[in-house]
Every structure is written in structure tokens, then in C-alpha cells.
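Here is a walk through the hollows, salt bridges and surface of one protein model. Have the sequence and the 3D view open while you read.

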Amino acid sequence: VMWHVPSDSITRYYSTEPALPGTAPGAGTLDGVRARIHPDDLPGFDARLARCLAEGTDYHNQYRVVRPDGTVASLEDYGFLDRSPDGSPLSLTGMALDVTDRVAATAALRTSEDRYRQLVDILPPAIFVHSDNVIHYCNPALLKLMGADHPDDLIGRSPYDILHPSCHETLRRRLAELAQAQAVLPGCEMLGLRCDGRTVPVYTI
């Protein structure tokens, strides 16, 4: 796709997307493209395009378009801006990719994650998720067990911070065994270390 800025002429050299006007040999206009963009996405589209024209940055945009049959597609644009000798925008050349399937898959995954989180949130066992020695999630049951007032009291800390030092070696050994076995290990008893410094017996799996 090439947009000649001074003449407001948009030409598609090749496209399979019916929502974008201006199939060769005809030419479209920016307003013709904007007319196809989903109303909720139009302010963001305009802002990113304006930033590219003002700053001369590489162009990147993502938005939804309404096809002639009424269906909605998600497009992602990449391009670069050429300027005239006087510095004014001359042409924007790039491509528009149909990312409808990717956007739908991402939304479905987010929905699935939200449902899983809602389930974990109501489970009575204390649960936390960690990687690279950092806690990324903890459910309300763990907050209560650790005497924490807010998830931020635990998220970002190390799993070792919520265990008594006498259990650190056991945790290191179990993590190493888990990484090697790639399977669930038998549970074991440890001592949790609450936010107020008191210990509490826990059974970890």
C-alpha cells in the first residue's frame, strides 16, 4: 500500500482485503480508509498516523475494519515515511496484514486465563505461581495464610521469602528435582514465614 500524502491518493498494489478501498487501477483516499475503520478504533488510528507524520517514525498501527458484508476484520499496518526535500511528508509505504485469527486467538486465551484465575481465586488451598525465583500470582487463600493485606505484599518477592530459612535447602532441592523430572513431586511439610514474622506449618506440593 502506498499513500501519496500531498495528493491524498492511496494505491494498493496487491491486496485480498475487501475492506480497504483503492484497488488498482483506481486510487483511494485516507477518508476512504477511515470510513471502513471500526468507530471505536478510529481515534487510536488517527493518533498513531498523526504521530508518524509529525515525528517521522516508522509506522505501526492496528485496528478493526468493517467489510462490505458487515463482518469485522483486524488489520495490522507496518510502513515507513518518505519526506520531500522541504521536510514535509511525501509518501507512506507499507503493508496491511490480516491478523483477525491472531487477535481472536489472543482474546480466547485471555478469556481462558481469566476463567482459570477466577477458579484459582476461590479455591481453599493457598496457591502461588512463580518463575525465575519471582512470585507472579497468589490467590486470596495464600494472602490469608501469610497474613498479607494485598497481593502486592507478595508478588515480586522470592518464594524463599515466604518460607522459613530452615526450609530453603529443601525448596532448592525440590525445584531442581521438579525441573529434571518434569512431573509432580510428592508433597512435603515445610514452615511458612508470615509477613508478621511468625511461622505456620504448610504442606507443599
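What follows covers the pockets, then the cavity, then the salt bridges and a surface patch.

First, some ground rules. This is a predicted model, where local features need pLDDT of at least 70 and side-chain atom pairs count only at pLDDT 80 or more, while totals for chains, interfaces and linings use all residues. Residues are numbered from 1 along each chain as its sequence is written, and side-chain values use heavy atoms, with hydrogens and water left out.

**Pockets and the cavity**

The search runs on a 1 Å grid over the protein atoms alone: a cavity is a set of points where a 1.4 Å probe fits but cannot get out, a pocket is an open set with protein on both sides within 12 Å along at least five of seven lines, and lining residues have an atom within 4 Å of a point. Grid points are joined across faces, edges and corners, and a volume is the space filled by probe spheres set on the points. Helices (H or I, at least four residues) and strands (E, at least two) are DSSP runs, numbered from the N terminus. For residue classes, Ala, Val, Leu, Ile, Met, Phe, Trp, Tyr, Cys and Pro count as nonpolar, Asp, Glu, Lys and Arg as charged, and the others, Gly among them, as polar.

Here are the volumes and lining classes next to each other.

| Hollow | Volume | Lining by class |
|---|---|---|
| Largest pocket | about 920 Å³ | 21 nonpolar, three polar, one charged residues |
| Second largest pocket | about 210 Å³ | six nonpolar, no polar, three charged residues |
| Largest cavity | about 280 Å³ | 16 nonpolar, three polar, two charged residues |

Start with the largest pocket, at about 920 Å³. It has 25 lining residues, and Ala126, Phe128, His130, Thr204 and Ile205 are the closest to its centre. At least two lining residues come from each of β6 (128-131), α4 (140-146), α5 (168-181), β8 (188-193) and β9 (199-204).

Now go to the second largest pocket. Its lining is made up of Glu113, Asp114, Tyr116, Arg117, Val120, Ile127, Phe128, Val129 and Tyr137. Two elements, α3 (100-122) and β6, give two or more residues to that lining. Helix α3 has the largest share, with five residues.

How many cavities of 30 Å³ or more does a search of the whole structure find? There is one. Among its 21 lining residues, Val1, Ile10, Tyr59, Asp77 and Leu92 are the closest to the centre. The elements that each supply at least two lining residues are β1 (2-4), α1 (30-34), α2 (42-55), β3 (59-66), β4 (72-83) and β5. Strand β5 gives the most, five residues.

**Salt bridges**

Side chains of opposite charge can pair when their charged atoms come close. Here, a salt bridge is a side-chain nitrogen of Lys or Arg within 4 Å of a carboxyl oxygen of Asp or Glu, and the whole structure has nine of them.

Take Arg34. Its side chain meets that of Asp31 in a salt bridge (3.9 Å, N to O); both residues sit in helix α1, three residues apart, about one turn of the helix. Arg34 also pairs with Asp46, at 2.7 Å, N to O. That pair links distant parts of the chain, with Asp46 in helix α2 and Arg34 in helix α1, 12 residues apart.

How open are these side chains? Buried means under 20% relative accessible area, exposed over 50%, and partly exposed in between (1.4 Å probe, protein chains only). Asp31 counts as exposed because its relative accessible area is 51%. Arg34, at 25%, is partly exposed, and so is Asp46, at 27%. Through shared partners, salt bridges join Asp31, Arg34 and Asp46 into one network.

Elsewhere, Asp196 forms a salt bridge with Arg194, the closest N and O atoms being 3.3 Å apart. Asp196 is partly exposed at 45% relative accessibility.

**Inside and outside**

Phe45 is in helix α2. It is buried because its relative accessible area is 3%. Between Phe45 and Pro6 there are 19 Å in space, C-alpha to C-alpha, and the two are 39 residues apart in sequence.

On the surface, Tyr78, Met95 and Leu97 form a nonpolar patch with about 280 Å² of accessible area together. Patches are made of residues with over 30% relative accessible area and no salt bridge, with like charges joined within 9 Å and nonpolar side chains (Val, Leu, Ile, Met, Phe, Trp, Tyr) within 5 Å. Accessible areas come from the Shrake-Rupley method with a 1.4 Å probe, and for residues only the protein chains shown count as cover. Met95 lies in strand β5 (residues 89-98) and is partly exposed, at 48%.
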